[in-house]
Number of protein chains: 4
Amino acid sequence: MKIGFIGLGNMGNPMARNLAKNGHAVKGYDVVPALLDKAASQGIARATSVADCVAGSEVVITMLPSSPHVRSVYGNESGVLAHAKPGMLLVDSSTIDPLTAREVAFDALAKGVAMVDAPVSGGTGGAEAGTLTFMVGGEAKDFEAARTILAAMGKNIVHCGGSGNGQVAKICNNLMLAIEMIATSEGMTLAAKLGMDPKVFAGIVNTSSGRCWSSDTYNPYPGVLENAPASRGYAGGFGADLMLKDLTLVTEAAKQAKVPVLMGAIAQQVYQKHSADGHGGKDFSSVILQYLKT
Amino acid sequence: MKIGFIGLGNMGNPMARNLAKNGHAVKGYDVVPALLDKAASQGIARATSVADCVAGSEVVITMLPSSPHVRSVYGNESGVLAHAKPGMLLVDSSTIDPLTAREVAFDALAKGVAMVDAPVSGGTGGAEAGTLTFMVGGEAKDFEAARTILAAMGKNIVHCGGSGNGQVAKICNNLMLAIEMIATSEGMTLAAKLGMDPKVFAGIVNTSSGRCWSSDTYNPYPGVLENAPASRGYAGGFGADLMLKDLTLVTEAAKQAKVPVLMGAIAQQVYQKHSADGHGGKDFSSVILQYLKT
Amino acid sequence: MKIGFIGLGNMGNPMARNLAKNGHAVKGYDVVPALLDKAASQGIARATSVADCVAGSEVVITMLPSSPHVRSVYGNESGVLAHAKPGMLLVDSSTIDPLTAREVAFDALAKGVAMVDAPVSGGTGGAEAGTLTFMVGGEAKDFEAARTILAAMGKNIVHCGGSGNGQVAKICNNLMLAIEMIATSEGMTLAAKLGMDPKVFAGIVNTSSGRCWSSDTYNPYPGVLENAPASRGYAGGFGADLMLKDLTLVTEAAKQAKVPVLMGAIAQQVYQKHSADGHGGKDFSSVILQYLKT
Amino acid sequence: MKIGFIGLGNMGNPMARNLAKNGHAVKGYDVVPALLDKAASQGIARATSVADCVAGSEVVITMLPSSPHVRSVYGNESGVLAHAKPGMLLVDSSTIDPLTAREVAFDALAKGVAMVDAPVSGGTGGAEAGTLTFMVGGEAKDFEAARTILAAMGKNIVHCGGSGNGQVAKICNNLMLAIEMIATSEGMTLAAKLGMDPKVFAGIVNTSSGRCWSSDTYNPYPGVLENAPASRGYAGGFGADLMLKDLTLVTEAAKQAKVPVLMGAIAQQVYQKHSADGHGGKDFSSVILQYLKT
């Protein structure tokens, strides 16, 4: 397929390369010249503008930092929607708020262009390895069309329902994840301070009703799981500042939906303090340092 | 074995009967005459006092509502410790704070009597079916001795380390469980209000990083899991007021240990409000009503 | 002075009338025709557009619902800044986030036009009576120029420092106010449940270290202060949904400033639940119903 | 009057001396010999036991660290109640939970002995200067009897209603105080980070609806109030660990009364973290360091 790819940063660059590796003709664009140069040196064709990237493509994929970027890249007079043609498929893999995702998809639909939202989990490691998870919101037929292309970049591609639901799934999952990581941090720290061996406690929790992904797969207590970031100084993984960004997105979506999310608001504050304390670049499981350091 | 069993309430009664069913000679005692009568009618020998219940027993098991009861039943001048003899094994299956558990075990040790703390999870259903989980704190040899007896009442018997660690494992697991149940309640409610099908969302979370026991085994959203209390009006299961009791225990233990448990304190408040709103008798997953009803 | 007034809603209408009453020549505009008709019937000259409202005015005052409205009314190609001329004074009395306030003022300055932010407290009652408090951010000379005009609408006009500081003062004051109102609700409810007469307790607190405006002037417990909204079913006053709006503004400003505001985030959630429970139209002291109703 | 005084620590010692200075015959007792020696060297007669201290006294005053101490000193077989005689007046100035206060007073009444609870505020400075505030719970006639004696130690003596209400007033006031101090810390820090001069912001708040004792009399931001602990490194004043103790008391009383105190639970956690971070010995307004240090 002829694919235009807009946004060639830490995530977009390896995603575009995996598409090319799988035989697609990929033309890339980024407003940052250095990112464009780098991709060009790695075999991605160089587009001169958004318009040029869209022109002649069958599929356009975007990977952008935030809602305002998505609004601008799609909605500007020289943006994606101004140049997209019926029959094209648009895929936005940015993590943004569901309302913006739905508005942009609606504008695309109004021009007869199909669009799905397809945020990812798996981080830069998953992007490089082509093992990302895609959570996809949109019509069933558009999801089917997107799936074959996304398969070049990920191994788990899930249909979440109509437009915007990919974003809903992503941010609501991460809401739960953040709270559970802090819950695990509190439970592990308290059990240890009350005299239990952290590994023994984790073993019991993980076969009991307190188990969660944060306790059995990504335990934040140093030394409990050999391969978790906690056992290598919280390097790599999913950065605390990225979690903070998602918590900000989800608590703002909750305000718009008028749903109280008391635990989510606390989690947002805990990560905000963690970031202000200088730990934003560490893996998000480092939030246990808010407890262990005391 | 000759076993004395003190505390024949909703949990103690079926536990004592399972011991008898497995061939042990069980003598029971309770301060409430009606409970004593009931047990006697079910084949448990009737002791006339704590002293009588302890006399001649090889093992004494207690199942009591709270720390003050444990202190009183063990420590009174006519209590268990006053009549226990070296060679006996004492097993306290009450859920109490770890410090009290350690103090009573220390007093037992001072008299040359072995003691383990062995709180349970699994509720009255598990007590009836003999499928409780026992979290046991004490010396390895005492754990081994207890295991063969506990096997008549449960199927998962775990050694948590030294004295008091059974209690630590129990309350720290439940700390995590309560927070995760509220996290699941917030995530499920928000995803639904933002337009996702709750079953589809649960399916995605349960194969992703937000998964936890509360989402994949005991989901609080009505209709997501056919066999969960949420799908039968929150009847049965583990009562919200029992969870509130455990949260009170664990947040007080955290105060003594000087460990901040911010999420735990919030969870305690949310369950306190839930109870004050009249839902204390429902299954603890009904806490989602704090979100859904709005 | 010749004054253009944009935004003739519940607050703007009486403010414009008070200016006219004090001898100013007021020309008004609103996008809602009914509001424009109403003001015209009350002696405010009718402008046909923002441009018409700005043309020939020496001072332009805006009273708008939110940041996007302010950006649009000032920044559009047919907006205030497109028609403002050096020598004019612009006064924005909307309550918005400080960053937007500073950006718009900066754009005005770039065109040689003076601008101050001047959000108010005092509600519709204060707007009618001409007794509003204005918190003003901007250059000292612009503050002095604004003061004489604002004096027609308010009796307390405070200079808060440079551009945007009026907004900072307003939202940080309301952050404290919301938390203190909830603190008072918790203290009053608990004291009453523990057996004290609420009036006696309030009397003690109000001469002690727990006193605050919410306890001594606006007590939320029914019957404690005869003239407080609590003693008339929480009618009138400052609506809970308006407090929710300010809490949302201030917690978002805190995110941008990377300042943790744990109590503020909780207050935002408590008011969000209060609003979701259907109390958004009541005075904000009705938040005590979250406690008393249980 | 002949007064027995039990508990001669940091608070009790100066209180007893002020009684003696005012012409009362004071006999003192403490279980710590050094405290007894110190008081004796300062003119307080030395009692050899609780019994000796009670014998021959018309009034007995106790100043003890916690509920268990009060239960023990009053209730033991060699305690106050065992030796008190009808006609005596018992005054407990300890800060303890209201339920314990009521139980002990009830036991006294059962022996025909009058008792009031009379916790204080004002700290060691107020104890030395004789300017404490006493919050008194008990019968009106007993309050009147106590007032003349308490006047030797304090200048503000308030009747809070029946037995235990002195404790209710004390802990509910401090609940509000702690939350308001944190509210002030958040508001001051955020206003400063958003660019306002802290003194200017405090000036505005203190004439507006956000004002509270913590903002206008005891502002936690360094340099705002010359005489506040914040302007001398948080030395002296009311220690953070004492506030933590009161927050623990009040949140536990709220559990027993089944009143949710969400903000109070957060405040307890914030002070617990503050103490764990090593600031327990500083004035309680130092809690702003949880915000400023980031």
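The following exchange walks a newcomer through a predicted model, from its domains to its chain pairing and sheets.

Visitor: How should the numbering and the predicted model be read?
Guide: Residues are numbered from 1 along each chain as its sequence is written, while chains are lettered from A and ligands numbered from 1 in the order in which they are written. Because this is a predicted model, local features need pLDDT of at least 70 and side-chain atom pairs count only at pLDDT 80 or more, whereas totals for chains, interfaces and linings use all residues.

Visitor: How far apart do the C-alpha centres of domain 1 and domain 2 of chain A lie?
Guide: The domain bounds, which come from an automatic or database domain assignment, place domain 1 of chain A at 2–162 and domain 2 of chain A at 167–292. Between the C-alpha centres of these two domains of chain A the distance is 29 Å.

Visitor: Which helix gives the largest share of the side of domain 1 of chain A that touches domain 2 of chain A?
Guide: Two residues are in contact if their C-beta atoms, placed from the backbone, lie within 7 Å, and the contact takes 13 residues from domain 1 of chain A and 11 residues from domain 2 of chain A. Helices (H or I, at least four residues) and strands (E, at least two) are DSSP runs, numbered from the N terminus. The largest share on the domain 1 side, three residues, comes from helix 6 (residues 98–110) of chain A.

Visitor: What rotation superposes chain B on chain A?
Guide: Copies are superposed by least squares on the C-alpha atoms of residues with pLDDT of at least 70 in both. The shift along the axis is 0.0 Å and the RMSD is 0.1 Å, and that is the relation of a two-fold axis. Of the residues of chain B, Cys212(B) comes closest to this axis, at 2.0 Å (C-alpha). The rotation that superposes chain B on chain A is 180°.

Visitor: Which helix of chain B gives the most to the side of chain B that touches chain A?
Guide: In this interface, 54 residues of chain B are in contact with 54 residues of chain A, and the copies meet through the same surface, because 100% of the interface residues of chain B are also interface residues in chain A. By class, the chain B side has 34 nonpolar, 15 polar and five charged residues, where Ala, Val, Leu, Ile, Met, Phe, Trp, Tyr, Cys and Pro count as nonpolar, Asp, Glu, Lys and Arg as charged, and the others, Gly among them, as polar. With 19 residues, the element that gives the most is helix 9 of chain B.

Visitor: At what angle do helix 9 and helix 12 of chain B pack?
Guide: Axes are lines fitted to C-alpha atoms, for helices over the stretch in contact, and angles run from 0 to 180 degrees between N-to-C directions. Residues of helix 9 of chain B, including Ile171(B) and Leu175(B), meet residues of helix 12 of chain B, among them Leu247(B) and Val250(B). With their axes 9 Å apart, helix 9 (residues 165–193) and helix 12 (residues 240–257) of chain B pack at an angle of about 115°.

Visitor: Which residue stands opposite Val120(B) in strand 8 of chain B?
Guide: Three strands of chain B form an open sheet in the order 7-8-9, with mixed pairing, where two strands pair if DSSP finds at least two bridges between them. Strand 7 and strand 8 of chain B run antiparallel and are joined by two bridges. Opposite Val120(B), in strand 8 of chain B, stands Phe134(B).

Visitor: Which residue stands opposite Val136(D) in strand 9 of chain D?
Guide: Strand 8 (residues 132–136) and strand 9 of chain D pair in the parallel sense over five bridges. The residue opposite Val136(D) in strand 9 of chain D is His159(D).
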